[in-house]
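This briefing introduces one structure to a reader who has not seen it before. Please look over the sequence and the model first, then read the points below.

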Amino acid sequence: MSRAEKVCLSLVSYCKTLGNLNQIHAFVYKSGLETNPLIAGKLVILGALQISDAIDYARRLLIHNPNPDVFMYNTLIRGESQSDSPKNSVNSFIYMLRQSYSPPDSFSFAFVLKAAANLRCLTTGFQLHCQAMTRGLDTHLFVGTTMISMYAECGFVEFAWKVFVQIPQPNVVAWNAILTAYFRGSDVSGADTVFGLMPFRNLTTWNVMLAGYTKAGELERAEGLFLKMPSRDDVSWSTMIVGFSHNGCFDEALRVFRELVGSGSKPNEVSLTGALSACAQAGAFKFGMVLHAFIEKVGLVWITSVNNALLDTYSKCGNVLMARLVFERMLGKKTIVSWTSMIAGFAMQGYGEEVIKYFHEMEESGTRPDGVTFISVLYACSHAGLVEQGHELFSKMTETYDIEPTIEHYGCMVDLYGRAGQLRKAYNFVVQMPVPPNAVIWRTLLGACSFFGDIEMAEQVNKRLPELDPDNCGDHVLLSNIYAFAGKWKDVAMVRRSMAEKNMKKIPGWSMIEIDKVMYSFVAGDKRNEITEEAYNKLSEIMLKLKVKGGYIPEVGSVLHDIEEEEKEDTVSKHSEKLAVAFGMARLCKGSTIRIVKNLRVCKDCHSFMKLISKVYGLEIVVRDRSRLGKGYCIKFLTDLQVTAVNVPSIRIEELNDNVLCNRRSGPGTIKTKVERPSIVMNPPLHLVLSRLLVTGYIFFFVSRIAAFEPRVFWKQPFYLHEVVVLSAKKGHSGNPLLSAVAAVTHRRAMFHC
DNA sequence: ATAGGGTTAG
């Protein structure tokens, strides 16, 4: 090998950017090595696979090479198949066929078939299949396997099977591919048959089964397999966590996550995003924070998907401040998902102006919004009453960005006009939409009619609704509410009778609350048991206090029927969110933020009830309910106190005292149930210092440090950030000025703790 | 010097 060749090869290993590649290319050219197959091949690898945004350069390298070999073609085809435009991969393959001196080999087919799979383009796939046949490569093990997954992606399981049976000696990978194909085609029993037929299985086989079952919603069968499979790896665990989370079984997902940690394996970015997604959907804020601390500790913060999941968890739990912190400190590249999650976080809380601001920042940063982004943006406009801006953004979406509006976008627009009281405009919009309106659209309009008491239009809308979704009792409830508000009891009775005739049942409303990282759920008019008893008792105590001190009068407008006022009051007083709040107030430390997630909408009475508790008890309450779009919707009740204090829930003064002083952890292995509590009021400066630290992200640094000391404690016990600060003060980090500062401030607390 | 099957956020 010549000296110049050696220099080139060593330069290649340091090449990181397109600029570097340009320089190396210049050197290669000057040294007369641009036709050297080894060197030229290396340059193409760099451009096609190792440097982002250099794929076009790689393609030019190949085109200008007088004698590209098969390897170069394959590298380019491979790079293009996994790029944003896999179509190029097919084009390069065609180009290769035309230069007949270097015919495609099994590698070329494997790569280009992958592109066809990514494109979900059956015609392309089929032509490639024919090309492979003419070269006798269609029964090649690797080509065949990729072809199976190509047909599966395109939705043609029977073709996949035909390819499979032609492979002379299918190995375990080919078997796994055909197994996956049956699951992709939602043919679970077909997959079961294949699984039974398989002459050999490996770990991936079992993982395919797990993923297939969870995607089909067969969680019990999945868990059965999970328990009996011969061994488990990261993917098995992640699959179970994600599977539970996607199917709405959040506590199960978090249970599996705990088991994963308990089993001694380390969570990876996939199991973490799965667990975070469960936290986000369930509103498990504290657990989310623990996961955040862990992520900081093990150094996974650079991974975009992890950051996006964290961001989403915080915003769905009603803490936009933390969401923004994660967003602004993101190490990896901000993707469209990051921007959209951030925007959705603001949108859920009704910060219309922030949404618009971030949207513009996103555009300036060069990130192109997609359809999902616009749903959040339009949603924000409708909730913040920004009719004009919403209208402008809708046209921007179609005109500037050329995004085809989906029914969800139209729904936002109907809501935008509806909420602004422009009912006629909303109605006309629905009638002239290019897509046929669905039940959600009419329901949105019906909701607006209900809000503005427009009986006439409500009746008009109601003519269209039952034919689209006859079994939705919510619509009947809405209509009957409109009549009830107007005092038209005969009409109310009529609606109720028709509901009874059709044997409609209301979806039971539930609310969940997280206490010590355990989720408790309550159902309206729940059966009495130990937990609900506690909630009911606290609730009647609260009711009394609110009536006396806050002048609480139950708002019973949303109760359907014409019954005695007292009875109505009884009905609304049993709503699950009230039980959850009461339970939270009974169980949580005094002054903690109360976070509740509800599956249905919160009624008017519960809304004002929460506001009143917040005022009378000086509590921050975050309620998330299911909004029309099926996303989280936060109502945040803040008293004056919390507005002036920095809005970071985990470091509220009261909570800090309670937790530090009732600390169950006075030494390794020993558990004290009760500790004498001297009553200390923390002085405001400490409170401010701590909140600033949390806002600037330093607290997590402490968490990481302390978790490294006591990982066992970290997972087994409920863990709060301020405890960490106290613990870290105890350990005495004298080297770090920042830690010393906190240690100095928290020292007094630490002493009590010992 | 290149391959094929399983888990990832809005």
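What percentages of helix and strand does the chain have over residues 202-232, and how far apart are the end C-alpha atoms? Over residues 202-232 the chain is 74% helix and 0% strand, with 11 Å between the end C-alpha atoms. The model is predicted. Chain A contains 41 helices and seven strands, and 51% of its 754 residues are buried.

**Annotated repeats**

- An unreviewed UniProt entry carries the annotation "repeat: PPR" for residues 202-232, 233-267 and 335-369.
- Over residues 335-369 the chain is 74% helix and 0% strand, and the C-alpha atoms at the two ends are 10 Å apart.

**Surroundings of DNA strand B**

- There are 40 residues around DNA strand B, and F71, N176, N202, N207 and S305 come nearest.
- Of the atoms of DNA strand B that come within 4 Å of the protein, sugar and phosphate account for 34%.
- By class, the surface near DNA strand B is made up of 19 polar, 13 nonpolar and eight charged residues.
- Helix α15, which spans residues 234-246, gives the largest share of this surface, with five residues.

**Polar contacts with DNA strand B**

- The side chain of D233 has an N or O atom 2.7 Å from a base nitrogen of DNA strand B.
- For T340, an N or O atom of the side chain is 2.8 Å from a base nitrogen of DNA strand B.
- S341 places a polar side-chain atom 3.4 Å from a sugar or linking oxygen of DNA strand B.
- D233 belongs to the annotated stretch 233-267, while T340 and S341 belong to the annotated stretch 335-369.

**Two residues in helices**

- S271 is part of helix α17, which covers residues 269-282.
- S271 counts as buried because its relative accessibility is 2%, under the 20% limit.
- Leaving out residues up to four places away in sequence, S271 touches S238, I241, F257 and L260.
- L141 is found in helix α9, which covers residues 141-153.
- Is L141 buried or partly exposed? L141 is partly exposed, because its relative accessible area of 25% falls between the limits of 20% and 50%.
- Apart from neighbours within four places in sequence, L141 is in contact with I167, Q169, P170, N171 and A174.
- From L141 to S521 there are 380 residues in sequence, and their C-alpha atoms are 52 Å apart in space.

**Cysteines**

- A disulfide is a covalent bond between the sulfur atoms of two cysteines.
- How many disulfides does the count come to? The count comes to zero disulfides.
- Why does C154 form no bond with C121, which holds the closest cysteine sulfur? The two sulfur atoms are 6.9 Å apart, so they are too far for a bond, given a cut-off of 2.5 Å.
- C154 is buried, at 15% relative accessibility.
- The cysteine sulfur closest to that of C412 is in C381, at 9.1 Å, which is too far for a bond.
- C412 is buried as well, with a relative accessible area of 1%.

**Contacts along the chain**

- Among the contacts in chain A with a separation of 6 or more, 65% are between residues 24 or more positions apart.

Key:
Residues are numbered from 1 along each chain as its sequence is written. Chains are lettered from A and ligands numbered from 1 in the order in which they are written. This is a predicted model: local features need pLDDT of at least 70, side-chain atom pairs count only at pLDDT 80 or more; totals for chains, interfaces and linings use all residues. Side-chain values use heavy atoms; hydrogens and water are left out. A residue is near a molecule or strand if one of its heavy atoms lies within 4 Å of it. A polar contact is a pair of N or O atoms within 3.5 Å; within protein, one must be able to donate a hydrogen and the other to accept it, and residues adjacent in sequence count only if both atoms are side-chain atoms. Helices (H or I, at least four residues) and strands (E, at least two) are DSSP runs, numbered from the N terminus. Ala, Val, Leu, Ile, Met, Phe, Trp, Tyr, Cys and Pro count as nonpolar, Asp, Glu, Lys and Arg as charged, and the others, Gly among them, as polar. UniProt positions are given in the numbering used here, feature names are shortened, and annotations may be inferred rather than shown by experiment. Buried means under 20% relative accessible area, exposed over 50%, partly exposed in between (1.4 Å probe, protein chains only). Contact means heavy atoms within 4.5 Å.
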